[in-house]
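Open the model in a viewer and keep the sequence panel beside it. The stops below say what to select and what is there.

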Amino acid sequence: MAVHYIMQSIFVLAGLTALLASLFNSDWFFKSQHTQFMVQVTGRNKARLIYAFLGCLMIGAGVYFFLAVQGYL
């Protein structure tokens, strides 16, 4: 059961990181090697929107999995 909580925490933390980095336009996030493709293809502003959306999705997935494990869904 503890593995579920670890995975949910990873989803929420990754989602928060992406969401906050996109809201604050963080250079360390958007100049990293893993995000350069998206920034080059879409431009920085659209990449910020995409990563904000992905961050919200990941937070939502973490909350959904938490509620599903608890038996609320």
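**Inside helix H4**

Begin with Ala-47, Tyr-51, Ala-52, Gly-55, Ala-61 and Gly-62, which are the buried residues of H4. The model is a predicted one. Now add helix H1 (2-23), helix H2 (27-30) and helix H3 (36-42) to the selection; these are among the elements that cover the buried residues of H4.

Next, select the whole of helix H4, residues 44-70, and put a distance label between its end C-alpha atoms. How far apart are the end C-alpha atoms of helix H4? They are 39 Å apart, which agrees with the 39 Å that 27 residues should span at 1.5 Å a residue. Step just past H4 to Gly-71, where phi is positive, about 90°.

**The whole chain**

Zoom out and color by secondary structure. The protein chain has four helices and zero strands, and from the N terminus the order of its elements is α-α-α-α. The radius of gyration is 14 Å, well over the 11 Å that the globule rule gives for 73 residues, so the chain is more spread out than a compact globule. Drawn along the principal axes, a box around the C-alpha atoms takes roughly 40 × 20 × 20 Å.

Switch on the surface. About 5200 Å² of the protein chain is accessible, and carbon and sulfur atoms hold 72% of that area. Of the 73 residues, 23% count as buried. If you display contacts with a separation of 6 or more, 54% of them involve residues 24 or more positions apart.

**The loop between H1 and H2**

Select Ser-26, in the loop between H1 and H2. Is Ser-26 buried or exposed? Its relative accessibility is 14%, and the cut-off for buried is under 20%, so Ser-26 counts as buried. Leaving aside residues up to four places away in sequence, Ser-26 touches Ala-21 and Arg-44.

**The salt bridge**

Keep Arg-44 selected and add Asp-27. These two residues form a salt bridge, with 2.9 Å between the closest N and O atoms. The pair ties together distant parts of the chain, since Asp-27 is in helix H2 and Arg-44 in helix H4, 17 residues apart. The count of salt bridges in the model comes to one. Both partners are partly exposed: Asp-27 has a relative accessibility of 43%, and Arg-44 has a relative accessible area of 24%.

**Helix H3**

Move to Phe-37, in helix H3. With a relative accessible area of 61%, Phe-37 is exposed. For a distance to label, pick the C-alpha atoms of Phe-37 and Ala-47: they are ten residues apart along the chain and separated by 9.6 Å. Ala-47 is one of the buried residues of H4 from the start of the tour.

**A nonpolar patch**

Finish with Leu-13, Leu-16, Leu-20, Leu-23 and Phe-24 shown as surface. Together they form a nonpolar patch with about 520 Å² of accessible area. Within this selection, click on Leu-23, which lies in helix H1. At 53% relative accessibility, Leu-23 counts as exposed.

Key
Residues are numbered from 1 along each chain as its sequence is written. This is a predicted model: local features need pLDDT of at least 70, side-chain atom pairs count only at pLDDT 80 or more; totals for chains, interfaces and linings use all residues. Side-chain values use heavy atoms; hydrogens and water are left out. Helices (H or I, at least four residues) and strands (E, at least two) are DSSP runs, numbered from the N terminus. The radius of gyration is taken over C-alpha atoms; the globule rule is 2.2 Å times the number of residues to the power 0.38. Buried means under 20% relative accessible area, exposed over 50%, partly exposed in between (1.4 Å probe, protein chains only). Contact means heavy atoms within 4.5 Å. Accessible areas come from the Shrake-Rupley method with a 1.4 Å probe; for residues, only the protein chains shown count as cover. The expected span of a helix is 1.5 Å times one less than its number of residues. A salt bridge is a side-chain nitrogen of Lys or Arg within 4 Å of a carboxyl oxygen of Asp or Glu. Patches are made of residues with over 30% relative accessible area and no salt bridge: like charges are joined within 9 Å, nonpolar side chains (Val, Leu, Ile, Met, Phe, Trp, Tyr) within 5 Å.
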